[in-house]
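The exercises below ask you to read a structure step by step, with a worked solution after each task. Please keep the sequence and the three-dimensional view at hand while you work.

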Amino acid sequence: MTILDPPTVDAASLGVYDSITDAIGNTPLVRLNRVTEGISATVYAKLEFLNPGGSVKDRAALAMIRAAEESGELLPGGTVVEGTSGNTGVGLTLVAAARGYRSVVVVPDKTSAEKIGLLRAHGAQVHVTPGGRPSHHPEFVRNVAIRLAAEIPGGWLAGQYDNPANPDAHRTTTGPEIWRQTQGRVTHFVAGVGTGGTITGTGEFLAEVSGGAVQTVGADPETSVYGGGDGRAWYIESVGHFLHPQTETDEWPDSYHPDVVDRLERITDVEALTVLHRLAREEGLLVGGSAGTAVAAALRVARTLGPDDVVVVIVPDSGRAYLSKYFDNEWLGRLGFPLYHAPSGPVVGDALGGRGIAPRTVPSTVTVAVAGDLLTDTPALPVVLARPGTGPIVVAEILGAVGPEALSDAPDDDPVGAHVAQPLPVVGVTEELSVAVRRIGGHRGPVVVAEAGRVVALADADDIRTAAGEHR
């Protein structure tokens, strides 16, 4: 038998690479079939969680490090530093490890435990800083990263928000891939807007190559400033633009070019979570929260289109990084979001049966005298202390509780924040009664009742315990 020499082919075409960084990109498009019931347009999800680091941010991470090497900003033996909600940090630490650099990552305290674990698994030194700080605060994520990069010998700040290599990564890889994979048939491109790099680079390429025919749609949390919201907090990570009430100047990332976006779809947390849960159960796609936001927007757009239209939506990361949040009944229930698994018993909302009163709020910026004028009703109830302005109170923005008794001996011109007590316990309307009772423990008096992450009432802890006893 004659043994033939194997044919000569390009190794990369066989999926053989010299480095893990060479495996970044070329992610598949997968058609959505069940969540698109009743929709005539074709909807494809681009599965960016199949990048080696598990997210779309691998592309920007590699591009930024390569650009810094070429410019001489990052030298051999240097340290890569970044402030991030997690995914960019994972991508940077992966590329840094493969190319012989150390890495230091700063994350806000709302970052999931899984993401922090991933960063540390890649050898990163992780600094956790309080979230919800105004942009001028020294503990603001990016400010901590800037300080560390300056203090560390050989430190280089990736600066994804303003680094042109971020959108360039998508202009040269993500956009061309989508155009090639759809054979130029794509008509609508949908992506969440965070740093803006993905939607800017991809959208610019697709608009150029199609002669302006491809429409770019941004998916944005309902309260995000990008889409015209007031900047209040939301619960889906890694998308949108939060505006702290004490922010002196609202600065948008240079990586985001708003003119590339033809329209923005504002998506509530509940809509994002509902789509997220459906993708896992109906499509076999376990994806992250920002994917829920993006796919919700894509479905909304697709419902207005015809059979010749092709929608491509970016799925930034996997749901494996959020199992302790978006797929966890206790986390969802405590905030009053729809549960992922059916409850095993009665929930708080059903048991309270409408009992409870609307809370009164004291803005965090007022004086004791003004606060006292707001707390004149009898009987006086503790009041959550939240951001100034109107609108529902976001549970994540509750700073504490205050009542008239705490202010009785305080000077009138004192800031009310100096006299605030610990925040009240929070129970969610979808939370199982038994779980809520266990969490509030022996607390007496009012507790905050939440629905969809917003405060809807104050209820008495004894009423919840009594209801639990009645439903045994």
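**Exercise 1. A pair between two helices**

Is Arg99 buried, partly exposed or exposed, and what is its relative accessible area? Then describe the salt bridge that Arg99 forms with Glu69.

Solution. Keep in mind from the start that this is a predicted model.

Step 1. Arg99 has a relative accessible area of 31%. Buried means under 20% and exposed means over 50%, with partly exposed in between, so Arg99 counts as partly exposed.

Step 2. Side chains of opposite charge can pair when their charged atoms come close. In the salt bridge between Glu69 and Arg99, the closest N and O atoms are 2.9 Å apart, which is within the 4 Å that the definition of a salt bridge allows.

Step 3. Glu69 lies in helix H1 (residues 57–71) and Arg99 in helix H2 (residues 87–99), so this pair ties together parts that are 30 residues apart in sequence. Glu69, at 25% relative accessibility, is likewise described as partly exposed.

**Exercise 2. Other salt bridges**

How many salt bridges are counted, and where do Arg147 and Glu151 lie? Work also through the pair of Arg232 and Asp230, and name the residues that are linked in a network.

Solution. Step 1. The count comes to 19 salt bridges.

Step 2. Arg147 and Glu151 both lie in helix H4 (residues 141–151), where they are four residues apart, about one turn of the helix. Their side chains meet in a salt bridge with an N to O distance of 3.3 Å, and Arg147 is partly exposed, with a relative accessible area of 42%.

Step 3. The side chains of Arg232 and Asp230 meet in a salt bridge of 2.8 Å, N to O. Arg232 counts as buried at 6% relative accessibility, whereas Asp230, at 39%, counts as partly exposed.

Step 4. The network of salt bridges links Lys46, Glu48, Arg59 and Glu177.

**Exercise 3. The loop between S8 and S9**

Which residues form the negative surface patch, and where is Asp250 found? Compare your answer with the place and accessibility of His241.

Solution. Step 1. The negative patch on the surface is formed by Asp162, Asp250, Glu251 and Asp254.

Step 2. Asp250 is found in the loop between strand S8 (215–221) and strand S9 (263–267). Its relative accessibility is 33%, so Asp250 counts as partly exposed; this value also passes the requirement of over 30% that applies to residues of a patch.

Step 3. His241 is found in the loop between S8 and S9 as well, but His241 is buried, with a relative accessible area of 10%.

Step 4. Between His241 and Glu251, a member of the patch, there are ten residues in sequence and 9.8 Å in space, taken from C-alpha to C-alpha.

**Exercise 4. Positive phi values**

What is the phi value of Gln183, and what is the phi value of Ala452? Locate each residue and state its accessibility.

Solution. Step 1. Phi of Gln183 is near 55°, which is a positive value in a residue other than glycine. Gln183 has its place in the loop between helix H5 (165–181) and strand S7 (188–192), and with a relative accessible area of 72% Gln183 is exposed.

Step 2. For Ala452, phi is near 55°, again a positive value in a residue other than glycine. Ala452 lies in the loop between strand S15 (446–451) and strand S16 (454–460), and is partly exposed, with a relative accessible area of 23%.

**Exercise 5. Distance along the chain and in space**

How far apart in space are the C-alpha atoms of Ala158 and Ala207, and of Ile398 and Ser364?

Solution. Step 1. Ala158 and Ala207 are 49 residues apart along the chain, and their C-alpha atoms are separated by 28 Å. Ala158 lies in the loop between strand S6 (155–157) and H5, and is buried, with a relative accessible area of 2%.

Step 2. Ile398 and Ser364 are 34 residues apart along the chain, and their C-alpha atoms are separated by 9.7 Å. Ile398 is found in the loop between strand S12 (383–386) and strand S13 (400–402), and is buried at a relative accessible area of 13%.

Definitions and conventions: Residues are numbered from 1 along each chain as its sequence is written. This is a predicted model: local features need pLDDT of at least 70, side-chain atom pairs count only at pLDDT 80 or more; totals for chains, interfaces and linings use all residues. Side-chain values use heavy atoms; hydrogens and water are left out. Patches are made of residues with over 30% relative accessible area and no salt bridge: like charges are joined within 9 Å, nonpolar side chains (Val, Leu, Ile, Met, Phe, Trp, Tyr) within 5 Å. Accessible areas come from the Shrake-Rupley method with a 1.4 Å probe; for residues, only the protein chains shown count as cover. Lys and Arg count as positive and Asp and Glu as negative; His and the chain ends are not counted. The place of a charge is taken as NZ of Lys, CZ of Arg, CG of Asp or CD of Glu. Helices (H or I, at least four residues) and strands (E, at least two) are DSSP runs, numbered from the N terminus. Buried means under 20% relative accessible area, exposed over 50%, partly exposed in between (1.4 Å probe, protein chains only).
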